[in-house]
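Visitor: I am new to this structure. Please choose one part and take me through it closely.

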Amino acid sequence: PTLSDRGYARAMLGGLLGDVGRKKFGFAREEFDAPSPGYYEGQFRFFYRAGDGTLIYTTTGDKYVGQFQDDVFHGHGTRVWADKSKYEGQWVRGKKHGQGSYVDEMQLKYVGQWEGGVRHGKGDQEFANGERYIGQWVKGQPHGKGEYRFGDGSLYKGLWRHGRYDGEGVLKHADG
């Protein structure tokens, strides 16, 4: 069964699987034990999380504030994980999808497009060593036209394939 099927089953069983507070329509607070103990406060539609809400896992501290559809993140929202990494942007069926920004626990930052939970489309990635890639991404890797700024000031502009420069491009060294 899908997540939505399980959500509906829990609601129909009156919470026998750990849910307290699901409503057919409107705002409510739901407490749950799986996948990790926590609670949801927000809107429901036909016993599903739908509309605006806040989901908090009390054991890990993970938190999501944003829109839901059929019990999953869908629309605009912000998720913060226990390690303090954060994604703010668009979600589709529980995955990062569309425009968004992600900052990891070391404050490394990606701003750009996502598809199915991975970097895909145009994006800007800042790395820990001060280097930066701006350009096209495919399935989580630089692919297509892009530029890479090295820590020493050098710059490569050109084509990328599967995370490596490949094809036509120009490398300008920092010293000229």
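Guide: Here is a walk through the first three strands, their turns and their side chains. This is a predicted model, in which local features need pLDDT of at least 70, side-chain atom pairs count only at pLDDT 80 or more, and totals for chains, interfaces and linings use all residues. Residues are numbered from 1 along each chain as its sequence is written, and side-chain values use heavy atoms, with hydrogens and water left out.

Start with the backbone. Strand 1 covers residues 25-32, and strand 2 covers residues 38-45. Strands here are DSSP runs of E, at least two residues long, numbered from the N terminus. These two run antiparallel, with eight bridges between them. Two strands count as paired if DSSP finds at least two bridges between them. One place to look is E31, which faces Y39 of strand 2. A hairpin of five residues carries the chain from strand 1 to strand 2.

Stay in that loop for a moment. P35 sits there, between strand 1 and strand 2. The peptide bond from A34 to P35 is cis, with omega at about 5°.

Now cross to the next strand. Strand 3 takes in residues 48-57. Strand 2 and strand 3 are antiparallel too, and seven bridges join them. G42 has G53 of strand 3 as its bridge partner. The hairpin here has two residues between the strands. One turn residue, F46, has a positive phi of about 50°. F47 lies in the loop between strand 2 and strand 3 as well. Its phi is near 70°, a positive value in a residue other than glycine. F47 has a relative accessible area of 18%, so it is buried. Buried means under 20% relative accessible area, exposed over 50%, and partly exposed in between, with a 1.4 Å probe and protein chains only.

Next, the charged side chains. By the rule used here, there are nine salt bridges. Each needs a side-chain nitrogen of Lys or Arg within 4 Å of a carboxyl oxygen of Asp or Glu. E31 turns up again: E31 and R29 form a salt bridge, with their closest N and O atoms 3.4 Å apart. Both ends are partly exposed: E31 has 39% relative accessibility, and R29 has 37%.

Another salt bridge reaches across the strands. E30 and R49 bring their closest N and O atoms to 2.9 Å. E30 belongs to strand 1 and R49 to strand 3, so this pair ties together parts 19 residues apart in sequence. Both E30 and R49 are buried.

R49 also leads us to L55. Beyond its neighbours within four places in sequence, L55 is in contact with R49, F32, Y39, Y40, D62, K63, Y64, F68 and F73. Contact means heavy atoms within 4.5 Å.

L55 is also a good way into the core. The largest nonpolar core has 19 residues, and L55, Y40, Y64, F68 and F73 touch the most other members. Strand 1, strand 2 and strand 3 each give two or more residues to this core, and so do strand 4 (63-69), strand 6 (86-92), strand 8 (109-115), strand 10 (132-138) and strand 12 (155-161). A nonpolar core is a set of buried Ala, Val, Leu, Ile, Met, Phe, Trp, Tyr and Cys residues, joined through side-chain atoms within 4.5 Å.

Finish with the rings. The structure holds 23 aromatic pairs. In one of them, F32 and Y57 have ring centres 5.7 Å apart and planes at 75°, so the pair is edge-to-face. Rings of Phe, Tyr and Trp (its six-membered ring) pair if their centres lie within 6.5 Å; planes under 30 degrees apart are stacked, over 60 edge-to-face, and the rest tilted. F32 is in strand 1 and Y57 in strand 3, so this pair links distant parts of the chain, 25 residues apart. F32 and Y57 are both buried. F68 and F73 make another edge-to-face pair, with 5.7 Å between centres and 75° between planes. Both F68 and F73 are buried. They are also the two phenylalanines that L55 touches alongside F32.

Terms used. Helices (H or I, at least four residues) and strands (E, at least two) are DSSP runs, numbered from the N terminus.
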